[in-house]
Amino acid sequence: MGQSHSQSQTHISVLPNEVMFIILQYLPPQEMKSAVLVCKALREMGEKPRFWTWAVATVNTKDDLLKLKLPRLQMVQEIDVTHPSRLVWMKREGLADLFQVIGEIPTVRRIRGLEFCKGIEGIEPDLVVSVLNSLEELNLCYDFYDEEDFEDMPLRLEAEQLELLFTAVAEKTNLKFLQVSGQDMLKDMDKTDETDEVDEMDQMDEMDTISPELFAAAVSNVEEVILKEHFKEDITSEQFEALYAIIA
C-alpha cells in the first residue's frame, strides 16, 4: 500500500518583508499590477514608488493630475500628454497645472508631447526652469502655420524664462538631447524707447540678447543638440561664433 505524502503550503504573507521586497522588485510591469491585487499586505508593499519607475503617466484632463498624487507614482520618470483630448484643457491653464504637479516629482525625465502644448509663457519662470532642466529630452520648438494667429503656436519661452533656462543648463542639467527652434533670442522690441530716433538696424545691434557666452555654455553642456532657425532673430552670428569657439 503506497504512502501518501502531504504537502504543507505557506501563505505569502508569512514571508519576511525583506524577502517580499526582493520578489516585488523583479516582477515585470504586468505581474506587478496583478500582485498588488492579491492581498492588503502586498498592496501596501507594492505602493512603494521604486516599484513603479517604469510607469508612463498619461494626462489627458485636469482630473488625470490626481493620478500623479498617488504614492506609487512619486518616482515616475515619464508623462504622456499627447492625446488629442488634452488640447482644450491645455489651452486653459492646463499646462500651468501640470507643471505645478510635475514640480513636486523631481524624477520626471520625459514629457511626451510637451512641444505641442500652449501656455508656457504664462508660467512662473522659476517653475518652468525647474521642470525643463530636470528633463533628459527637450524639444524647445516654436513653429507656426498662420502668421496672424499667435494663439495657435506651440512651445515658446518668454525672454526671462529662456535666459533663466540657459543659465541653469550652463551650470548643471539632466538634458541629454535639446532641440531649439523659433525661440526669440532678442529683447522685446516693444520695450524699446519709441522716442529714440536711432536707425532701426543700429537699434537691433544695441538690443540685449541671450549673451553669446551664456548661449555657448548652455548648448555645449548638452550631449546632443539640434539648432534650427525659423526667424532671423532665432540665433545670432555672435552666439554661433561663441559656440564654435568652445567646441572647436
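Colleague: What share of the 248 residues of the chain counts as buried, and how should I read such a figure?

Modeller: Burial is judged residue by residue from relative accessible area, with under 20% called buried and over 50% called exposed. In this chain of 248 residues, 39% count as buried, and please keep in mind from the start that we are reading a predicted model. The chain exposes about 15300 Å², of which carbon and sulfur atoms supply 49%.

Colleague: Which elements should I look for as I trace the chain?

Modeller: You should find nine helices and six strands. As you trace them, look also at what touches what: among contacts between residues at least 6 apart in sequence, 70% join residues at least 24 apart.

Colleague: In what order do the strands β1, β2 and β3 lie, and is their pairing parallel or antiparallel?

Modeller: A sheet is read strand by strand, from one edge to the other. Here the order is β1-β2-β3, the sheet is open, and the pairing is parallel. Strands β1 (56-58) and β3 (110-112) stand at the edges with a single partner strand each, so one side of each has no neighbour in the sheet. From one strand to the next, the twist averages 20°. Strand β2, which covers residues 78-80, is joined to β3 by three bridges, and within that pairing glutamate 78 has arginine 110 as its bridge partner.

Colleague: How are the strands β4, β5 and β6 arranged?

Modeller: They form an open sheet of three strands in the order β4-β5-β6, again with parallel pairing. Its edges are β4 and β6, each of which has a single partner strand, so one side of each is left without a neighbour in the sheet. The twist in this sheet averages 5° from one strand to the next. Strand β5 (residues 177-181) pairs with β6 over five bridges, and if you want one position to look for, glutamine 179 stands opposite isoleucine 226 in β6.

Colleague: How do I read a salt bridge, and how many are there in this chain?

Modeller: The general idea is that side chains of opposite charge can pair when their charged atoms come close. The count for this chain comes to seven salt bridges. One of them joins the side chains of glutamate 104 and lysine 69, with 3.2 Å from N to O. Glutamate 104 sits in the loop between α4 (86-102) and β3, while lysine 69 sits in the loop between β1 and β2, so that the pair links parts of the chain 35 residues apart. Because its relative accessibility is 53%, glutamate 104 counts as exposed, whereas lysine 69, at 47%, counts as partly exposed.

Colleague: Which residues are linked in a network of salt bridges?

Modeller: The network links Glu78, Asp80, Arg110, Arg112 and Glu136. Within it, the side chains of aspartate 80 and arginine 112 meet at 3.5 Å, N to O, and this pair connects strand β2 with strand β3 across 32 residues of sequence. Aspartate 80 is buried, with 11% relative accessibility, but arginine 112 is partly exposed at 39%. Glutamate 136 forms a salt bridge with arginine 110, and their closest N and O atoms are 3.3 Å apart. Since glutamate 136 lies in the loop between α5 (125-132) and β4 (137-141) and arginine 110 lies in strand β3, the pair ties together parts that are 26 residues apart in sequence. Both count as partly exposed, glutamate 136 with a relative accessible area of 23% and arginine 110 with 22%.

Colleague: Is helix α8 mostly covered or mostly open, and what covers its buried residues?

Modeller: When reading a helix, it helps to remember that an α-helix has 3.6 residues a turn, so residues three or four places apart point the same way. Helix α8, residues 212-219, is mostly covered, with six of its eight residues buried. These are Pro212, Leu214, Phe215, Ala216, Ala218 and Val219. Their cover includes α6 (159-171), β6 (224-228) and α9 (237-247).

Colleague: Which residues make a nonpolar patch on the surface?

Modeller: Val14, Leu15, Val19 and Ile23 make a nonpolar surface patch of about 290 Å². Valine 19 lies in helix α1, which spans residues 17-25, and with a relative accessible area of 35% valine 19 is partly exposed.

How values were computed
Residues are numbered from 1 along each chain as its sequence is written. This is a predicted model: local features need pLDDT of at least 70, side-chain atom pairs count only at pLDDT 80 or more; totals for chains, interfaces and linings use all residues. Side-chain values use heavy atoms; hydrogens and water are left out. Two strands pair if DSSP finds at least two bridges between them. Helices (H or I, at least four residues) and strands (E, at least two) are DSSP runs, numbered from the N terminus. Axes are lines fitted to C-alpha atoms, for helices over the stretch in contact, and angles run from 0 to 180 degrees between N-to-C directions. Buried means under 20% relative accessible area, exposed over 50%, partly exposed in between (1.4 Å probe, protein chains only). Contact means heavy atoms within 4.5 Å. Accessible areas come from the Shrake-Rupley method with a 1.4 Å probe; for residues, only the protein chains shown count as cover. Patches are made of residues with over 30% relative accessible area and no salt bridge: like charges are joined within 9 Å, nonpolar side chains (Val, Leu, Ile, Met, Phe, Trp, Tyr) within 5 Å. A salt bridge is a side-chain nitrogen of Lys or Arg within 4 Å of a carboxyl oxygen of Asp or Glu.
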